[in-house]
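Thanks for making room for me this morning; I would like to spend a few minutes on charged side chains and how they pair. Please have a look at the model first, and then I will go through the pairs.

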Amino acid sequence: MRLIVLIFSLLLLAACSKGHDPESPADPVEPTEIRGVWPIVKGNHWAYKDSGYNKGVFYYTMDDTLYTKESTFVDGHFYYGTFLSLPQFFLSQTDDYTVKLFNGYNLANYIFFKQVATNDSLISKKELDAMIPVNGTERNVHIITTLRGYTELTKVNGYDCIRNEFVTTYDGEVYSKDIIYVKPGIGMVRSVEYERIDVTGPLVITYSRDLVSYKFR
């Protein structure tokens, strides 16, 4: 997902955000009900085990927690600071089927996960041209990042999950793939990232995050 955040940082969001003051009666009320595909509401949290890989070889693990603590109000929705190590990133369940990510670094705002009704549905597509190093030489590359949703169930860590896939291509060749598995009503059970070691090499695993436990308010 680090590559996706980098790509979307080029697509700046023009809208401004405002902080939430719980003392102000003019502010909207933060949702607390549990509903939808991934109940990201105040008071819920998920504990994960993260694993990192160097050129496809495991080399570290760490505990991580997605928690609904700090919040910001953007485009009519509360976004919660969910990444313990990166509090500049916020997630929001914007409806029963959709979770969006707000990047506090550059105000990028995009769909992070969506439950779809039809298998292999295109959820979003972004295109841009950028200069990247290819075999030691800078080259202009046409980059396409798509997010697709799938309805078939996959057993992951003991849960029956649906999935979304972010796929990024360079001039039509797959450069990275990020897969997010979600148990509807519980949330993200696993995410796994794959990337080419170089633009001509194979896809290898670079990062994974697995659900250990969760607690709802």
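E152 and R163 join their side chains in a salt bridge, with 2.9 Å from N to O, where the term stands for a side-chain nitrogen of Lys or Arg within 4 Å of a carboxyl oxygen of Asp or Glu. This pair links distant parts of the chain, since E152 sits in strand β10 and R163 in strand β11, eleven residues apart; strands here are DSSP runs of E, at least two residues, numbered from the N terminus. E152 is partly exposed at 33% relative accessible area, whereas R163 is buried at 14%, with buried meaning under 20%, exposed over 50% and partly exposed in between, for a 1.4 Å probe and protein chains only.

I should say that this is a predicted model, in which local features need pLDDT of at least 70 and side-chain atom pairs count only at pLDDT 80 or more, while totals for chains, interfaces and linings use all residues. Residues are numbered from 1 along each chain as its sequence is written, and side-chain values use heavy atoms, leaving out hydrogens and water.

Strand β10 comes up again with R139, whose side chain meets that of D171 in a salt bridge of 3.3 Å, N to O. D171 lies in the loop between β11 (159–170) and β12 (173–183), so the pair ties together parts 32 residues apart in sequence.

Across the whole structure, the search finds ten salt bridges, and D50, D64 and R209 are linked in a network of them.

Methods: Helices (H or I, at least four residues) and strands (E, at least two) are DSSP runs, numbered from the N terminus.
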